[in-house]
Amino acid sequence: MSKKITMPLTEKTIESLKAGDEVLLSGVIYTARDQAHKRMCEMLDKGESLPVPLAGEVLYYCGPAPRGKRIIGSCGPTTSGRMDPFTEPLLENGLKGMIGKGRRSSGVAGSIRRNKAVYFVTAGGAGAYLSAKVVSCECVAFEDLAAEAIYKLKIEEFPAIVAIDSKGDNIYDKY
Amino acid sequence: MSRKIDVSLITAKVAELFARANTELRPDVLEALRELYEKESIPNAKSMLGVLVENAGMAGKEKIAICQDTGISVVFLEIGMDVRLSGGSLKEAVDRGVEKAYSDNFFRMSVVPDPVLRENTGGNTPAVVHTDIVEGDGIAITVMPKGFGSENKGKIAMMNPTSRPEDIVAFCVGAVRDAGPDACPPYALGIGVGGTMETCALAAKKALLRPVSSVNPAPHLARLEKEIKQKTNSLGIGVMGLGGGSTVMGVCVEALPTHIAGLPVAVNVSCHALRSASGEI
């Protein structure tokens, strides 16, 4: 039975989530993948403020297909590990959740635990299915990056699994 | 007698095939996913396999991309030696077909012409084109949109000629172990054995065009396929890394003549959304 979770994630909600839990996520999330991560970290290095305040927010590692006549095109997760080198600064700046697919580095896993955050995985390669869980989509930053821009998505009952919880328990530890 | 073919026909066929490949999952792949679904005993993994089958149905019905990563556009051309092409450049005709498919169908443009500067061309071009000249007066076209999450997990080894079949198996199993849950298992593995460094890698990619559950007719290669499949499915990675035995849905090995000093082995990993489509002119 999936737990229904509403964003923004509260401290209490995050604490209640355990690695392996199946969840249905509803509320606002922001897409960001390789180039958006690189830019955000460069901005933080320069002491600039981010185009989207990340405190308390959830990032989705996704570069959606163009919408056409739909709300959004196919929009599954991309491989999270490529975002590892950029993730700790974002967690230090208040990011509370991430949605992607696959393993994280030990550095990121430690930072998730220290910052009381959570990492979810969702159905990779099921972008058509997941697009039906998105009820609105709006580009909010880095528009020049096209698919790699930051999009604000409102999702409803978006299926995911807790992969790393705030205690540091990790479904991928066996590898 | 030569047959004159206008390259605009190639543009149209390439566009049609990419539209199909990105929205209609190959029947052999869908069948393999359904079989895994029936067999799966881990509840999380079974529901994930159910989602993948449902996803394929939705994509086909609504004509949207199976996966948002509609790949780098790989095109295999077999051009008959009695064909005389007219009306422009072959390469440009293929690229125009790719652009048409990707813009008409709202597929994601994922190609950057320069790997260092990384500016997007916005047309998913240039395509990666492999051309063979064959007998006859027709053109056979196969397109393969190749996602890069799984492409990133490919590996090649220039092994010693004295290596044993079990060494080949160990290398291929290692590639899957390293890929782990990151690249959307259940995987399909295309494996090239022999040749040179570049033809071995190409054979691995072409092996992914075989029906995913097919068996190489040569018994010694069929044995390799079987052993690699058994061993990778004992790694415990499973669907999306949720554990269980559904790590690899198919293994296709293709062999090439090679040199007495070497034994190249290449593994091209595909995610479960293994996509391709073929047609003829």
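Here are some questions and answers about a predicted model, covering chain A as a whole, one of its residues, and a helix of chain B.

User: Let's start with the fold. How many helices and strands does chain A have?
Analyst: Happy to walk through it. Read from the N terminus, the elements of chain A run β-α-β-α-β-α-β-α-β-α-β-β. Counting them up gives five helices and seven strands.

User: What is the radius of gyration of chain A, and what would a compact globule have?
Analyst: For scale, the C-alpha atoms of chain A fill a box of roughly 45 × 40 × 30 Å along the principal axes. A compact globule with 175 residues would have a radius of gyration near 16 Å, so chain A agrees with that expectation at 15 Å.

User: What share of the residues of chain A count as buried?
Analyst: Buried here means under 20% relative accessible area. Chain A exposes about 7000 Å², with carbon and sulfur atoms supplying 49% of that. Of its 175 residues, the buried share is 56%.

User: How far apart do the centres of the positive and negative side chains of chain A lie?
Analyst: Chain A has 24 positive and 21 negative side chains. Take the centre of each set, and the two lie apart by 4 Å.

User: Now a single residue: is A:Ser136 buried, partly exposed or exposed?
Analyst: A:Ser136 is found in strand β6 of chain A, which covers residues 134-141. Buried requires under 20% relative accessible area and exposed requires over 50%. With a relative accessibility of 32%, A:Ser136 therefore counts as partly exposed.

User: Which residues is A:Ser136 in contact with, leaving aside its neighbours within four places in sequence?
Analyst: One distance helps to place A:Ser136 first: A:Val28 is 108 residues apart from it in sequence, yet 9.3 Å apart in space, C-alpha to C-alpha. Contact needs heavy atoms within 4.5 Å. The residues in contact with A:Ser136 are A:Ile71, A:Lys152, A:Leu153 and A:Lys154.

User: Over in chain B, what does helix α6 reach from its first C-alpha to its last?
Analyst: Helix α6 of chain B spans residues 165-179, which is 15 residues. At 1.5 Å a residue, the expected span is 21 Å. The helix comes close to that, reaching 22 Å.

User: Which elements of chain B help to cover the buried residues of α6(B)?
Analyst: The buried residues of α6(B) include B:Ile168, B:Phe171, B:Cys172 and B:Ala179. Just after the helix, B:Gly180 takes a positive phi of about 55 degrees. Among the elements covering those buried residues are β6, β7, α8, β8 and β9 of chain B.

Technical notes:
Residues are numbered from 1 along each chain as its sequence is written. Chains are lettered from A and ligands numbered from 1 in the order in which they are written. This is a predicted model: local features need pLDDT of at least 70, side-chain atom pairs count only at pLDDT 80 or more; totals for chains, interfaces and linings use all residues. Side-chain values use heavy atoms; hydrogens and water are left out. Helices (H or I, at least four residues) and strands (E, at least two) are DSSP runs, numbered from the N terminus. The radius of gyration is taken over C-alpha atoms; the globule rule is 2.2 Å times the number of residues to the power 0.38. Buried means under 20% relative accessible area, exposed over 50%, partly exposed in between (1.4 Å probe, protein chains only). Accessible areas come from the Shrake-Rupley method with a 1.4 Å probe; for residues, only the protein chains shown count as cover. Lys and Arg count as positive and Asp and Glu as negative; His and the chain ends are not counted. The place of a charge is taken as NZ of Lys, CZ of Arg, CG of Asp or CD of Glu. The expected span of a helix is 1.5 Å times one less than its number of residues.
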